[in-house]
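The following note sets out several points on the architecture of the model shown below, for consideration alongside the coordinates.

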Amino acid sequence: MFNNKSRKPIEIKIATVVAVSAILHDADPMNLEAALQEMTGGVADFFDNEFAVIDVSGLPPDHASIDWPQLIGLLKKYQLNAVAVRNAPADMEAAIIASGLSIDNVSAARQEPAAESAAPAPAPAPAAVAQKVSSGTMIVDTQIRAGQRIYARDADLVITATVNNGAEIIADGSIHVYAPLRGRALAGASGNTSARIFAASMEAELVSIAGIYRTFENGLPPEQKGQPAQIRLSGDRIDVISLNSAARN
């Protein structure tokens with residue numbers, strides 16, 4: 001029997017868990033593996049054991065049935081740890097739960113007001129979200145070391161010290177690093193495609209805007225490495241743009 005009242009065996013508190021979204025447009029395992037192989041470029045730690053939420057909203061109506069244990073294993077092979085499924089229809093839920101995954105109903109709850117309104121109403125929704133993520137700013141004045149993760153929820157992230165290799169910084173808005181950026185930087189984490197990443201010295205391992213990734217396993221071009229730069233999204237392409245005065249548009 002536990003007698004020490006000053007120390008409980010377990011405490012449950014609200015915590016922030018950052019997860020990537022794995023949005024399925026195809027349920028065929030071979031196609032998914034080919035896509036993951038191409039995405040990661042053979043880099044073993046591309047995802048570095050991230051948590052993943054599987055989103056099935058992009059699947060066509062006539063998609064093949066999903067073998068959930070096989071899909072979980074495939075994602076695990078690429079260091080993505082599936083924890084939940086988003087936008088799952090009711091007939092999928094029993095199989096999802098049986099495979100050990102949770103049902104993520106957050107997206108469906110957020111979409112309910114739009115579904116009840118007139119057809120044109122959903123169009124302004126992305127703009128409203130984009131405005132929200134820039135409503136605040138998180139400022140970090142200390143060095144971000146390997147293995148550390150900083151997440152600015154619904155805010156921009158400003159860091160005045162070095163972000164080391166192996167560190168990860170995430171923001172729902174834009175990211176500003178007034179020092180060398182050597183780790184992983186993920187801006188627009190909630191889907192804000194207008195977010196950007198700015199660094200006084202660009203040396204990043206990986207950058208992402210709204211879920212679109214680009215890695216630099218072969219390093220940045222010599223004219224950009226260690227120089228002031230910004231990262232922005234152009235369609236489905238990540239662009240690195242010099243901030244040197246001579247190179248500005």
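1. The model under review is predicted. I169 serves as a suitable starting point: not counting residues up to four places away in sequence, I169 touches I144, I150, L157, I159, V163, I175, V177, L181, R184, A185 and L186.

2. I169 belongs to the largest nonpolar core, which holds 31 residues; L157, I169, I175, L181 and I197 touch the most other members. The greatest contribution to this core comes from strand β9 (residues 175-181), which supplies four residues. There is also a second, separate core of 25 residues, with V20, A27, Y78 and L206 among its members. As general background, nonpolar side chains in soluble globular proteins tend to be buried together.

3. One open sheet consists of five strands in the order β6-β8-β10-β12-β13, with mixed pairing. Its edges are β6 (149-152) and β13 (212-215); each has a single partner strand, so one side of each is left without a neighbour in the sheet. On average, and with direction ignored, neighbouring strands here are turned by 10° against each other.

4. Within this sheet, β6 and strand β8 (residues 168-171) run parallel and are joined by four bridges. One bridge pairs R149 with E168 in β8.

5. A further open sheet contains four strands in the order β1-β2-β3-β4, and its pairing is parallel. Here β1 (19-23) and β4 (102-104) are the edge strands, each pairing on one side only. The average turn between neighbouring strands of this sheet is 40°, again with direction ignored.

6. Which strand pairs with β2 over six bridges? The partner of strand β2 (residues 50-55) is strand β3 (residues 80-86), and the two pair in the parallel sense. A52 has A82 as its bridge partner in β3. Helix α2 packs on the sheet and touches both β2 and β3, its direction making about 140° with that of β3.

7. The packing of two helices deserves a separate remark. Helix α1 (residues 29-40) and helix α2 (residues 68-77) have axes that come within 11 Å and cross at roughly 15°. Because of this angle, α1 counts as roughly parallel to α2. The crossing of the two helices is right-handed. At their interface, P29, L32, E33 and L36 in α1 meet Q70, L71, L74, L75 and K77 in α2. Helix α2 thus has contacts with α1 as well as with strands β2 and β3.

Terms used. Residues numbered from 1 in each chain as written. Predicted model: local features only at pLDDT ≥ 70, side-chain atom pairs only at ≥ 80, totals over all residues. Heavy atoms only, no water. Core = buried A, V, L, I, M, F, W, Y, C linked by side-chain atoms within 4.5 Å. Buried < 20%, exposed > 50% of the residue type's maximum accessible area, 1.4 Å probe, protein only. Contact = heavy atoms within 4.5 Å. Pairing = 2+ DSSP bridges. Axes fitted to C-alpha atoms, helices over the stretch in contact; angles between N-to-C directions. Parallel < 35°, antiparallel > 145°, perpendicular 65-115°, else oblique. Left-handed = near helix turned anticlockwise from the far one by under 90°.
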